[in-house]
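I opened my notebook for a friendly look around. Here is what I looked up, entry by entry.

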Amino acid sequence: MQLDLPTASRFALRSATLPSVLAPETVGTGKEGLCSADLVISDGRIEAVVEEGTAPAGIAGLDLEDRMVWPCFVDMHTHIDKGHIWERQPNQTGDFEGALTAVRADTKANWHAKDVETRMDFSLRCAYAHGTSLLRSHIDSLAPQHRISFEVFSEMRERWSDRIKLQAVALFPIDAMDDNAYFTDLVNVVAEHGALLGGVTYPMPDLDTRLDRLFQAASDKGLDVDLHVDETQDASVLTLAQIAKAKLRNGFEGAVTVGHCCSLARQDEDAAAATIESVRQAGLSVVSLPMCNMYLQDRQAGRTPRSRGITLLHELMDADVPVAIASDNTRDPFYAYGDLDMVEVFREGVRIAHLDHPLDDAAGLVTRVPADILQETGFGRIAEGRAADLVLFNARTWSEFLSRPQADRIVMRNGMGIDRRLPDYRELDPLMRG
């Protein structure tokens, strides 16, 4: 797309098409949940969003000819600490157990501070070029890695503070809490680095006791919680309901996010409805990772998968549970592909989860809703007074938007176009040689 953005400190983007769910109500809603508007940009911020054709005539401007404009994206569940290790440690079976085995081997052999830093930076450069401005990453946190990776993350958060706002979550299997010294140290590290307490839950006889301890530790330190939950097609696994009840039982006042929740889709209608009601009552937020779950779930050699591996997005949304979709893993044993491109996540999420017909609210799943879940309401919307962090697309309609990868998009930060060149994979070659 060849467009020359105005260089004036105050200018107008005229005849823009906006997803109504991301725009002020004052500009109305048109066909397919889209609206037409003019945007006035002043000193890097959005001065006004007005009806099409009403921006001041005496200022510099660019006629977008109905091209779409979005706010920058929010990617609320990623793993930038383990990204881009596929070339040196592939998943030979392509399933969940194969991923665990491969990552454990690579962590032990290679995850020194410089290795983690290089791959994190590469990942963030990809995300930035694609138009992401807010990102949450889970950080593998078994000892001694928690002491290495959180130091690196904090450095990266500072280095990237003017481009992508970063959050981090400690990721560890919940049975690791049995080591009291480790768990105490982990909670302290998380608190010191302004992060969230996470974990992976799975069925065990004393799971409720462990959840109580997790919530108490988070409460004592004033931490929010973000858990990996039920990432399996085994219908007998449903820790999601226990998490909801544990949050209520402990009177936990922090925010709680649950990711994956794949086995919810394997329940019968009554069991699923009861669990969703518990999730609603507990005030949990849910993030689905459609690309990674489609890759890992229901994989058996020589057999076509029968299940999509995603959670009950529509049913959760109908119950007014906050729901978002995100990237998850990138070129590592849990997902061999991906580039932290939220347009790809959105396109694939729409197709995999049937988020279309209508598409009126779908754009919120990668912008406004995850921003709210992350308690960063200054992101993911187009509104007066906000930074002019925008993504311009050549597409004018949903059909045009979803039919191409939008590789020619323009990303604006503070009212100016950025250099969208992606980092070259060859930069990572020294790491791949071990």
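I began with the buried residues of helix 7 (buried is under 20% relative accessible area, exposed over 50%, partly exposed in between, with a 1.4 Å probe and protein chains only), and I found Ala272, Thr275, Ile276, Ser278, Val279 and Ala282. Down the helix axis they fall within an arc of 155°, so they line one face of helix 7; the arc is taken from the directions from the axis to the C-beta atoms. On the other side of helix 7, I noted Glu269 and Asp270 as exposed.

I should say that this is a predicted model, where local features need pLDDT of at least 70 and side-chain atom pairs 80 or more, while totals for chains, interfaces and linings use all residues. Numbering runs from 1 along each chain as its sequence is written, and side-chain values use heavy atoms, without hydrogens or water.

Next I asked: what do the buried residues of helix 7 pack against? I found helix 6 (240-249), strand 13 (285-288) and helix 9 (313-318), counting contact as heavy atoms within 4.5 Å. Helices (H or I, at least four residues) and strands (E, at least two) are DSSP runs numbered from the N terminus.

Then I checked the ends of helix 7. Aspartate 268 caps the N-terminal end, with a side-chain oxygen 3.2 Å from the backbone nitrogen of aspartate 270. Just after the helix, glycine 283 takes a positive phi of about 70°.

Last, I turned to a sheet. It is open, with four strands in the order 5-15-16-17 and antiparallel pairing; two strands pair if DSSP finds at least two bridges between them.

Note on methods:
A polar contact is a pair of N or O atoms within 3.5 Å; within protein, one must be able to donate a hydrogen and the other to accept it, and residues adjacent in sequence count only if both atoms are side-chain atoms.
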